[in-house]
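Visitor: Please take a close look at one part of this model, the packing of its helices, and follow it to whatever the helices rest on.

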Amino acid sequence: MVSKTINVLQKAHISGKVNRVQRPRPPPFPYQEKEYTALSFFEYTIERYDENSKIIVVEGPIAAGKDKFARELAKELEMGYMPSPSFDLLYKNAYGFDMRSLNSQLPEKLQAYDIQTFLNNPKHHCVPALQVTNYLLKLNAYLESLLHVLSTGEGVVLNRSLYSDFVFMNAMYQAGYLNRQCRRFYEAVIEATMCYCRKPHLVIYLDVPVNVVKERIQKRCIPYEVNSKVLTTKYLTDIETAYKEEYLPQISNHAYLLMYDWANGGNIEDVVDDIERIDMEYNDQNPKKLCDWLFLNLSELDEARQMYSRRNRSLIIAESQVPLFEVSEMYHFGDDVKKIAELQQSIPGGEFSEGYNPDMGDKVFWKLKHEHNPTIPSVISYKELVAAE
């Protein structure tokens, strides 16, 4: 008999690999190649889950060391890792052609614009659309992480998430890089899409003072960061303030929070010890904490898995098309739309979907379906992380 409310992904304690008890489980469901549907009668969702089937998000300022930390943490907890999504997912097609190479042939409002370009040209026409697009990339990465957990039972450690994205929008707004209408559009997109997600179980914030952040930016010598017109003391301070005064208090109502002084780095094993001490069992006295991970029954759990599938996810992403057409920075109209479509079809491998372009060597005879979406970020599984060492 199944109880009324189950918390299959909220077993009390996360375990590091040293203390983790291994038990027989079904192999991971191949969600990237196969759809999970209501007809998957013998695909038992719950049997794959254990105490580490959770979502952990690593947050912090630029140059805090989040990528290295999150990868190491994922390996210590035997979890998968979701990197911060790149704009390459949008601008590089499956055949290696980069749309950004065409920018010199296009007017400013039609150019492919990414974070690197923003850091050197923050007054560009496309800045508002950039931030909305960046949020949608994080949304897609988070939905993919949820799907990974629900399909494989393997937890995921993310480098940032959609929930903290507003701190960067606030900093851009305060710096005058976008106006009030664009900010309202961004907030409408968040309101329409974020409600479909489930907040993380744990957030880890790596605290690095602004002066140390600036030193690290200089030290790692990435040209578009070192020469950036954006990464000023005020901009970085605005991000830090929004993190500490808005994001962290908000997310701590729903997820557990660990915060570390990471100015001089730290010991990942100490972090794992702290994580293992957290009791993540649902508590009625604090009903908001982890409430996203309560399910009325196993059917509701299966429905969540279906909702986040790659086939159905487009319905969630489509909610971002909010009808605020007066915010012209967020839309292309008329001849601009036609010009972009013609340009996309003219590039190598741009006429048809990936795998269906005979001029690029694709064999299309008897091919029945398109099985890959290059714009979806992928979770790096624990086995892949270890194999890459």
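Guide: Helix α5 (residues 166-174) packs against helix α9 (residues 233-251) with the axes 9 Å apart and an angle of about 140° between them. Helices here are DSSP runs of H or I with at least four residues, strands are runs of E with at least two, and both are numbered from the N terminus. Axes are lines fitted to C-alpha atoms, for helices over the stretch in contact, and angles run from 0 to 180 degrees between N-to-C directions. The model is a predicted one, in which local features need pLDDT of at least 70 and side-chain atom pairs count only at pLDDT 80 or more, while totals for chains, interfaces and linings use all residues. Residues are numbered from 1 along each chain as its sequence is written, and side-chain values use heavy atoms, with hydrogens and water left out.

α5 and α9 are therefore oblique to each other, since angles under 35 degrees count as roughly parallel, over 145 as roughly antiparallel, 65 to 115 as roughly perpendicular and the rest as oblique. Their crossing is right-handed, which is to say that the near helix is turned clockwise from the far one by less than a right angle; anticlockwise would be left-handed. On the α5 side the contact (heavy atoms within 4.5 Å) includes Phe-166, Val-167, Phe-168 and Met-172. Among the α9 residues that take part are Tyr-235, Ile-239, Ala-242, Tyr-243 and Tyr-247. The contact of α5 with α9 comprises 10 nonpolar, 3 polar and 3 charged residues, where Ala, Val, Leu, Ile, Met, Phe, Trp, Tyr, Cys and Pro count as nonpolar, Asp, Glu, Lys and Arg as charged, and the others, Gly among them, as polar.

α9 also leads to the sheet. This is an open sheet of 5 strands in the order β2-β3-β1-β4-β5, with parallel pairing; two strands pair if DSSP finds at least two bridges between them. β2 (80-82) and β5 (256-261) are the edge strands, each pairing on one side only. From one strand to the next the twist averages 20°. α9 packs on this sheet and touches β1 (55-59), β4 (202-207) and β5, and its direction makes about 160° with that of β4. Helix α10 (residues 268-276) packs on the sheet as well, touching β4 and β5, with its direction at about 155° to that of β5.

α10 has a helix partner too: its axis and that of helix α1 (residues 66-76) come within 10 Å and cross at roughly 60°. α1 and α10 are therefore oblique to each other, and α1 passes α10 in a right-handed crossing. Phe-69, Glu-72, Leu-73 and Glu-76 of α1 meet Ile-268, Val-271, Val-272 and Ile-275 of α10. By class, that contact has 6 nonpolar, no polar and 2 charged residues.

At the β2 edge, β2 and strand β3 (residues 156-159) pair in the parallel sense over 3 bridges, and Tyr-81 has Val-157 of β3 as its bridge partner.
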